[in-house]
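Student: Could you help me see how the words used for a protein model follow from its numbers?

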Amino acid sequence: MPKFFVDPHIIFVVLDRYYNFMSKQKTNEFRSPRGTHDILPEEERLWDKIRQEAKEISGFYGFGRIDTPHFEHTELFTLGTGSVTDIVTKQMYSFRTRGGDQLTLRPEGTPPIMRAFFEHGMFNLPQPVKLYYIGQFFRHESPQRGRFREFNQWGLELIGEDSPVADAQVIQIFFVFLREVGVKNAILEVNSTGCQICRPRYRSELVAYYRPRLKGLCKDCKDRSRQNPLRLLDCKEEKCQIVRRGAPETLDHLCDNCKNHLKLLLEFLDEVSIPYLLNPYLVRGLDYYTRTVFEIFVGEEEKEKPKEVSVDSQKRGEENPVKEENEAPPESLTSKRLALGGGGRYDNLAEILGGKTVPAVGGALGIERIILALKAQGYKVSEPAKPKTFFVQLGELARKKSLPLIEELRKARVSVAESLGRDSIKSQLNIADKVGAEYALILGQKEALDGTIILREMSSGIQEAVPQEKFIDFLKKKLKK
Ligand code: HAM
């Protein structure tokens, strides 16, 4: 029997085109492009809360907001993110402009921040420079639960500090933030991927381990074994995870400086009571990481809870227990859990992009995923605040006068709802009732002419006419009671 191999990428492209074709056939309507989503007003309340809390905690820890463009020169990512990463080889939205520039919608925030750091001479500022960002990123991925083609991240970048206390602070901020917005049972995994001194040795051992086992790996991993062997540890394919079980671990190959960095990081985390799992196979999919890498997950269901890696025995670079050949892989790398965020140290990125040695550490949380986790855990979005008042108008003159009066209410910060297109008093009072307003402010033809307005207490139906120039003070007193 002849064996055919179809590149998964081709299957993906065909299915994608089929999906787009079918969605147009079925509806004959425009829909948001695949992998994108609208955020509707009721959802925005939760988004606002998350963005607000992210801004507050970033500000408290001294991070200043930075916004970089949504597109950059493609080379920034091929050099910065890494030319053999999935992001660069498969997921970038790149295009050539009429002027001939080769640009890319930003798939991640770290290289742009480092570009801005050099472009604006931030290396002349007192170090470290702490920056945060909240915004959209773009990756041409196969959409699924929690995975979009346009998604939002909140990121922190701490540039110009090599102490592990900086790594700990970034992790602490993300962890505390998640707890405070209401995410339960977040799991932090940490590893060290070594440095330029100890990583090459580890790499060779890894390659030597995988060389006789290549047959059992997926196509991507066969490519990775040549281009980027560390990423072999990151593969989600079951057959590759089975091979990985006996692979050498980064922790056994760290040089003394990297070991010490990790040891101190874990001590700092202990100090702020942040629980962690040391996952010796955590490498992450971006090329720029050195030493620390971390990821924060939530389990989706009880049965999908991660298997605990023994922290006591593996902690602080101490000797790891001998691994059984058949021992199950740490589930951190299985697809059943949701990665809310991740990051690490990237001490070489500045050299690549700016020609200077500047140590740095950072990370990012995915906002869609935080929201998904909150909802899956039963988080209820708060109801919008009820308007204190409802403006009722009757007749053309009253309708005209209603606009400046409503503006007076805004200036006085008294909340008001209205339905200015309606004519009937009954339907307007019905709405006032439905939205839960305490007072209806009624302006009819007579009141518009004599300069008064009627205040109707909705609960009792008691009404009184008040001069328009005094109605705000009068109303405020009533609302205070
Ligand atoms: P990343 O792991 O690629 O890291 O992304 C961070 C987080 O963004 C992920 O854990 C996930 O929550 C969210 N995310 C990523 N891709 C998607 C997607 N397609 N749909 C929805 N959410 C997604 C970075 O981006 C690094 N720049 C983080 C970093 C900053 N490292 C150092 N500094």
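Tutor: Let us go through the cysteines, the cores, one helix and the ligand in turn.

Tutor: This is a predicted model, in which local features need pLDDT of at least 70, side-chain atom pairs count only at pLDDT 80 or more, and totals for chains, interfaces and linings use all residues. Residues are numbered from 1 along each chain as its sequence is written, and side-chain values use heavy atoms, with hydrogens and water left out.

Student: How do you know that the sulfur of Cys255 makes no bond with the sulfur of Cys258?

Tutor: A disulfide is a pair of cysteine sulfur atoms within 2.5 Å. The sulfur of Cys255 has its closest cysteine sulfur in Cys258, 3.6 Å away, so that is too far for a bond. For Cys258, the closest cysteine sulfur is in Cys195, at 3.5 Å, which is also too far. The structure holds zero disulfides.

Student: Why is Cys258 called buried?

Tutor: Buried means under 20% relative accessible area, exposed over 50%, and partly exposed in between (1.4 Å probe, protein chains only). Cys258 has 1% relative accessibility, so it counts as buried. Cys255, with 12%, is buried too.

Student: What makes a set of residues a nonpolar core?

Tutor: The members are buried Ala, Val, Leu, Ile, Met, Phe, Trp, Tyr and Cys residues joined through side-chain atoms within 4.5 Å. The largest such core here has 51 residues, and Trp154, Phe177, Leu188 and Leu269 have the most contacts inside it. Helix H6, residues 164–181, gives the most to this core, with eleven residues. Apart from it lies another core of 29 residues, including Phe77 and Tyr346.

Student: How do you know that the span of H6 agrees with what a helix should have?

Tutor: Helices (H or I, at least four residues) and strands (E, at least two) are DSSP runs, numbered from the N terminus. The expected span is 1.5 Å times one less than the number of residues. For the 18 residues of H6 that gives 26 Å, and the end C-alpha atoms are 26 Å apart, so the two agree.

Student: What makes H6 largely enclosed by the rest of the structure?

Tutor: Of its 18 residues, 14 are buried, so H6 is largely enclosed. After H6 comes Gly182, with a positive phi near 110 degrees.

Student: Which residues come nearest to the ligand?

Tutor: A residue is near a molecule or strand if one of its heavy atoms lies within 4 Å of it. There are 26 residues around the ligand, and Glu108, Glu141, Phe148, Glu157 and Tyr289 come nearest. Strand E10 (338–345) gives the largest share of the shell, five residues.

Student: What makes the pair between Glu141 and Gln91 a polar contact?

Tutor: A polar contact is a pair of N or O atoms within 3.5 Å; within protein, one must be able to donate a hydrogen and the other to accept it, and residues adjacent in sequence count only if both atoms are side-chain atoms. The side chains of Glu141 and Gln91 are joined by such a contact at 3.4 Å. Glu141 lies in the loop between strands E5 and E6, and its relative accessible area is 15%, so Glu141 is buried.

Student: Where does the backbone of Phe148 meet the ligand?

Tutor: One of its backbone N or O atoms lies 2.7 Å from a nitrogen atom of the ligand.
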